[in-house]
Amino acid sequence: MLRVAKIPYSQLLTRSDHSLPQFQKTRQERLKTTQPFKLAVVPTIIKGKKVLLVDDVYTTGQTLFHAASCLLPHAPEKIRTFSLAR
């Protein structure tokens, strides 16, 4: 989405768990999802930086929750989120 819009970005996370897409899960299954992400960059890149997490669809918030919780131990100054649809 960002690439097509020609908006510069850095991919800070990679998906380590390749389970079913969220839209194929029930609400209860989504809420029970375990941490699907791991850090894809050297942690010092995040320290003291402002981070914007971008997600296409916000349903239960679990994707953004897991992404933020993966970044928080590396001391970003601030984490904000943006979703296209809810």
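**Exercise 1.** Which backbone nitrogen lies 3.4 Å from a polar atom of the side chain of threonine 60? Place threonine 60 in the predicted model and describe its surroundings.

*Solution.* Begin with the position in the fold: threonine 60 sits in the loop that runs between β3 (50–57) and α2 (62–71). Next, consider the side chain, one polar atom of which is 3.4 Å from the backbone nitrogen of glutamine 62. Then turn to burial: the relative accessibility of threonine 60 is 15%, and because the cut-off for a buried residue is under 20%, threonine 60 counts as buried. Finally, once neighbours within four places in sequence are set aside, the contacts of threonine 60 are Arg27, Arg30 and Leu31.

**Exercise 2.** Determine whether α2 is enclosed or open, and identify what covers its buried residues.

*Solution.* The first step is to count: seven of the ten residues of α2 are buried, so this helix is largely enclosed by the rest of the structure. The second step is to name the buried residues, which are Gln62, Leu64, His66, Ala67, Ala68, Cys70 and Leu71. The third step is to look for the cover over these residues, which includes β1 (13–15), α1 (27–31), β2 (37–39), β3 and β4.

Two residues of the helix illustrate this cover in detail. Histidine 66, which lies in α2, is buried at 8% relative accessibility, and, not counting residues up to four places away in sequence, it touches Thr33, Thr34, Gln35, Pro36 and Phe37. Leucine 64, with the same exclusion of residues up to four places away, touches Leu53, Asp55, Tyr58, Thr81 and Ser83.

**Exercise 3.** Which residues make up the largest nonpolar core, and which element gives the most to it?

*Solution.* Start from the membership: the core consists of eleven residues, namely Leu12, Leu13, Phe37, Ile46, Val51, Leu53, Leu64, Ala67, Ala68, Cys70 and Leu71. Sorting these by element shows that β3 and α2 are the ones that give two or more residues. Of the elements, α2 makes the greatest contribution, with five residues.

**Exercise 4.** Describe the nonpolar surface patch and the elements that supply it.

*Solution.* The patch covers about 470 Å² and is made by Met1, Leu52, Val54, Phe82 and Leu84. Assigning residues to elements shows that β3 and β4 (78–85) each supply at least two of them. Methionine 1, by contrast, belongs to the segment before β1, where its relative accessible area of 48% makes it partly exposed.

**Exercise 5.** How far apart are lysine 78 and valine 51 in sequence and in space?

*Solution.* The separation in sequence is 27 residues, whereas the C-alpha to C-alpha distance between lysine 78 and valine 51 is 6.1 Å. Lysine 78 lies in strand β4 and, with residues up to four places away in sequence left out, touches Lys49, Lys50 and Val51. Its relative accessible area is 34%, so lysine 78 is partly exposed.

**Exercise 6.** What are the phi values of lysine 6 and alanine 75, and where do these residues lie?

*Solution.* The background for this exercise is that most residues other than glycine have a negative phi. Lysine 6 has a positive phi near 60°; it lies in the segment before β1 and is exposed, with a relative accessible area of 74%. Alanine 75 has a positive phi near 55°; it is found in the loop between α2 and β4 and, at 38% relative accessibility, counts as partly exposed.

Conventions:
Residues numbered from 1 in each chain as written. Predicted model: local features only at pLDDT ≥ 70, side-chain atom pairs only at ≥ 80, totals over all residues. Heavy atoms only, no water. Helix = DSSP H or I, 4+ residues; strand = E, 2+ residues; numbered from the N terminus. Buried < 20%, exposed > 50% of the residue type's maximum accessible area, 1.4 Å probe, protein only. Polar contact = N/O pair within 3.5 Å; in protein donor to acceptor, adjacent residues only side chain to side chain. Contact = heavy atoms within 4.5 Å. Patch = residues over 30% accessible without salt bridge, like charges linked within 9 Å, V, L, I, M, F, W, Y side chains within 5 Å. Areas by Shrake-Rupley, 256 points an atom, 1.4 Å probe, with all protein chains shown as cover. Salt bridge = Lys/Arg side-chain N within 4 Å of Asp/Glu carboxyl O. Core = buried A, V, L, I, M, F, W, Y, C linked by side-chain atoms within 4.5 Å.
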